[in-house]
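Here is a quick tour of a protein chain, written for someone who would rather be at the bench. Have a look at the model first.

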Amino acid sequence: MRLPDGLRSRAVLIGTSNYDDVALPGLPAVARNVPDLADILTSDHGFGLPARNCESIVDATDTRDVLSAVLSAADEAEDLLLVYYAGHGLLDPRHRLFLSLTNSPRTLDKFWLAIDIDDIRNIMTKSPARNRVLILDCCFSGRAFEAMGSGAAESVIATMDVSGTYTLTSTSENQIAHAPEGEQYTAFTGALIDLLDNGAPDGPEYLTLDTIYEHMRRALVERRASEPKRKCVDSTGELALMRNRAWYNDSTDGSVRAATPWARFHELSAHPAYPMIRRLVGWYISECIPDADANQRDRWNVTALPSTNQPNGRRLLTINCGGQEVVFISEVTRPNGSRQVVVVCNIAAPPDRTTSDLHFTSESVRGQPMTYQQPVWAWQFNLVDDLSTLHAPITTPEFISLARQLNGELMKSKSRYARFHNADLAEDLLAVAAHLADENRLPFDSLHLVVARTDIESGDIEPTLRVLQRLLSSPEHARDAQGILDLRIDGYNDTGDELFEIESVRAFIYALDEHFPYWLFFSSTHTSSLQMIALCFLPPFLTAEGKKRHFPPRLAQLLTNRWIPALNDVAAYAGLDDAQLRARSDEALGYFAGPRTELPF
């Protein structure tokens, strides 16, 4: 059971309340159905569907406009695609269902003026959305429905058999059942809005599609309205569309369910730092927890606002693997009263490192050995307002490998904290993890890629190359990633040589360049990273006079013969136009003539 990811979901709400054909009575309630349902779906207690991802169409006259909106939503939806229609349903002699628009004729002698349900079905079938929900609040004119006999509703429902789709329809047989006089909404949509907005006091924490159907069926039967019909293909009925508002509201005795997982997640999600926490931890889950979706709760679990003895602050989030903490995030109160969010990640301690090696302090990260069930290497850093200013400790190939190694080992045993697992928080973080994994995205707007000395001296470029190749995973990602790369070499502070003068460093950069010569496109021009890479291709151990004489022609040769052609290639791949390519070229080449480098060009 889960809620959809609102950012990766789309909804199209269609309603027809006014009709040109006098044989089709107006349905004024439909004009209220659509905007009010849209407000609920995009509300704070929904599943996070932004208003921009929910399109409302009322009293359309062109089927092409409606189908175009559904097609756009279907193409963009990755998690949930929801299509809703309210209005008159029209049937042709072959029992095919058509959805009427304002100018649709009652007799369907001009069938192209109404929407064939087969067109909706075909569009939804081709959508990449994981789940598809079709809600039809439409009646049939009395004679046509009666002439079809008792099997009419079933034959109409059968036409909407879409893989992975949940279809819910009112199947009203007359106008009164569809839109009772004086009511704000049509009967079917009114029951749906009431349930989503107010919740079900006797219902579960989540309103799944099957739960919604059962509650609506009871409510409509009690009101002597038409009984709704449903058709569920696969297990879509288990998808939760909303949280049950009545489940987590204040109880009748005045107490609040503050201890419930949903209440804790709701409080955490309101924290100002949660958007950063969400993105950071989502990325950690995608990279460092093996088969995270399948193993949640039993092998790894996450808690929101757990109870801990922390006198100078509070714990915001904890991830356990096999019963051992591997990530915990706390809000710490400083002596001056200010608050700081601190992240601690435990990873496997490398066997080839001494205890003193494990103690380190850099610009943004502090590391030290710790002992839990087994020795670990604890990395601590502050969560800053702008993630791009963090020197991305968890994006290093070494960190990812060691974190995954520890988590995999711990997850061989079941977690004794499974009962504390917060499913709401886990689903939210897993949605981020899936999105980042699908897009091959990193959690930062800048990529500070740190290469460990052990990788340099072993000549193992694969972990670093794997991160770099993500920048080329798609034209869109390449375009967004231009100028974000800051490649750093770690572990050589104890030597007096410049990095580019160390033979193992030069050999490592040479090997990387054989597979990834796109430095001018992706490297930041605001750090010394690009200078360090370029120097590795120039003669080492030169005097100042020697550098002045030899560097410019050798650099020009490198740029002209290799890096500029590579820049042009990746710019073409990313879809840059001539002006954009010229701007990127000017910025990259201007870097070598600027004050940041000692490479005059």
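What follows goes from the whole chain to a helix, a loop residue and the low-confidence parts.

This is a predicted model, where local features need pLDDT of at least 70, side-chain atom pairs count only at pLDDT 80 or more, and totals for chains, interfaces and linings use all residues. Residues are numbered from 1 along each chain as its sequence is written, and side-chain values use heavy atoms, with hydrogens and water left out.

The chain has 23 helices and 19 strands, taken as DSSP runs (H or I, at least four residues, for helices; E, at least two, for strands) numbered from the N terminus. Of its 601 residues, 54% are buried, meaning under 20% relative accessible area with a 1.4 Å probe, protein chains only.

Helix H14 covers residues 397-410. Its 14 residues should span 20 Å at 1.5 Å a residue (times one less than the residue count), and the end C-alpha atoms agree, sitting 20 Å apart. Its buried residues include Phe399, Ile400 and Leu402.

Now for leucine 113, in the loop between strands S4 (97-99) and S5 (115-116). Beyond its neighbours within four places in sequence, leucine 113 contacts (heavy atoms within 4.5 Å) Thr63, Leu101, Asn103, Ser104 and Pro105.

How sure is the predictor? pLDDT, its confidence in each residue from 0 to 100, averages 81 over the chain. Two stretches fall lower:

| Stretch | pLDDT | Contacts beyond four places in sequence |
|---|---|---|
| residues 141-153 | under 50 | 14 contacts |
| residues 172-177 | under 50 | 14 contacts |

Technical notes:
Buried < 20%, exposed > 50% of the residue type's maximum accessible area, 1.4 Å probe, protein only. pLDDT = per-residue confidence, 0-100.
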